[in-house]
Amino acid sequence: MSAAAPPPVIVLVRPQLGENIGKAARAMLNFGLTELRLVAPRDGWPNPDAGPAASGADDVLAEARIFGTLAEAVADCTTIYATTVRKRGVTKPVLTPEAAAREVHASAGRSAYVFGPERSGLETDDVTLAHKIVTVPINPEFASLNLAQAVILLAYEWSKGIALASPPEVPLDPPAEHGVLEEFIQHLERDLDKSGYFFPPERREMTLRTLRTALTKTGWSYNDIRMMHGIITALGRTPRAR
């Protein structure tokens, strides 16, 4: 993998809705992509519906570049990936998003991921301009991805090759010793006995066994058990008059 490989540009060809452009910008920035190029957006640019949908990815929108044709938008790119299903009459290598991402990282030149209009996708003439096709493996019974979903899938695969911050790990409380859990189970059993929960009486042992099996699956912490003691105690009290 080349350390100097530049990030791919995202090219939206004739996007129809400003909201979808904003969502695509948000998807890009989530995974470290910032260069957005728009080819002949249907409703012009800037579009007032894009900003709210971007949810903070305003810099991506502010720096977006507008082009009249796809050829102009990718003129500085060395490898162009058309994101589409395989087109009849177009013979191009077909890659998964993961394979395309590996190629982008290994390339010294600028790469472009090209996406078509929301309703119809890329036209054949757009695809013939590309070097390769990227197709997302998808359920053939429901092959429906919106524009932002398609962008985020490719951006995510590309992001695997760079160092993005992971969500902070929050350490879990260690599980309590079994003796502490046993005290809680006995507390619960006493209160269930008082409430008449075990009915009919001959099913008491089986019900207790089922209850114990459920409670020993959870890995309760000391705080969990202390809270549950308090809940059971509170449930056993006579409600205060109001």
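The lining of the largest pocket brings together twelve nonpolar, eight polar and three charged residues. Everything described here comes from a predicted model, so please read the values as computed ones.

## Pockets

That largest pocket has a volume of about 580 Å³. Its lining counts 23 residues, and those nearest the centre are Thr-83, Thr-84, Val-85, Leu-145 and Ala-150. Helix H7 (residues 147–159) gives the largest share of this lining, with three residues.

The second largest pocket has a volume of about 150 Å³. If you would like to find it in the viewer, look for the lining residues, including Leu-188, Leu-192, Met-228, Ile-231 and Leu-235. Helices H8 and H10 (222–236) each supply at least two residues of this lining. By class, the lining of the second largest pocket holds six nonpolar, two polar and two charged residues.

## Salt bridges

Side chains of opposite charge can pair when their charged atoms come close. In this model the count comes to 14 salt bridges. Three of them are set out here.

| Salt bridge | Closest N to O distance |
|---|---|
| Lys-23 and Glu-19 | 3.2 Å |
| Glu-182 and Arg-212 | 2.7 Å |
| Arg-204 and Glu-205 | 3.3 Å |

Where do Lys-23 and Glu-19 lie? Both are in helix H1 (residues 18–30), four residues apart, which is about one turn of the helix. Lys-23 is partly exposed, with a relative accessible area of 36%, and Glu-19 is also partly exposed, at 38%.

Glu-182 and Arg-212 form a salt bridge with their closest N and O atoms 2.7 Å apart. This pair links distant parts of the chain, with Glu-182 in helix H8 (residues 178–195) and Arg-212 in helix H9 (residues 204–215), 30 residues apart. Is Glu-182 buried or partly exposed? Its relative accessibility is 18%, so Glu-182 counts as buried, the cut-off for buried being under 20%. Arg-212, with a relative accessible area of 31%, is partly exposed.

Arg-204 appears in two contacts. The side chain of Arg-204 lies over the face of Phe-198, at 5.1 Å from the ring centre, and Arg-204 also meets Glu-205 in a salt bridge. Arg-204 counts as partly exposed at 21% relative accessibility, and Glu-205 counts as partly exposed at 49%. Elsewhere, Glu-35, Arg-37, Asp-76 and Arg-110 are joined into one network by salt bridges that share partners.

## Aromatic pairs

A pair of aromatic rings is described by the distance of the centres and the angle of the planes. The structure holds four aromatic pairs. One of them is formed by Tyr-81 and Tyr-113, an edge-to-face pair at 5.7 Å centre to centre with 65° between the planes. Tyr-81 sits in strand E4 (residues 79–83) and Tyr-113 in strand E6 (residues 111–115), so this pair links parts of the chain 32 residues apart. Both Tyr-81 and Tyr-113 are buried.

Phe-184 and Trp-220 have ring centres 5.8 Å apart and planes at 50°, so the pair is tilted. This pair, too, links distant parts of the chain: Phe-184 is in helix H8, while Trp-220 is in the loop between H9 and H10, 36 residues apart. Phe-184 counts as buried at 1% relative accessibility, and Trp-220 counts as buried at 16%.

Terms used:
Residues numbered from 1 in each chain as written. Predicted model: local features only at pLDDT ≥ 70, side-chain atom pairs only at ≥ 80, totals over all residues. Heavy atoms only, no water. Salt bridge = Lys/Arg side-chain N within 4 Å of Asp/Glu carboxyl O. Buried < 20%, exposed > 50% of the residue type's maximum accessible area, 1.4 Å probe, protein only. 1 Å grid on protein atoms, 1.4 Å probe; cavity = no way out; pocket = protein on both sides within 12 Å on 5 of 7 lines; lining within 4 Å. Points joined across faces, edges and corners; volume = space filled by probe spheres on them. Nonpolar A, V, L, I, M, F, W, Y, C, P; charged D, E, K, R; others polar. Phe/Tyr/Trp six-rings, centres within 6.5 Å; stacked < 30°, edge-to-face > 60°. Lys NZ or Arg CZ within 6 Å of the ring centre and 35° of its normal.
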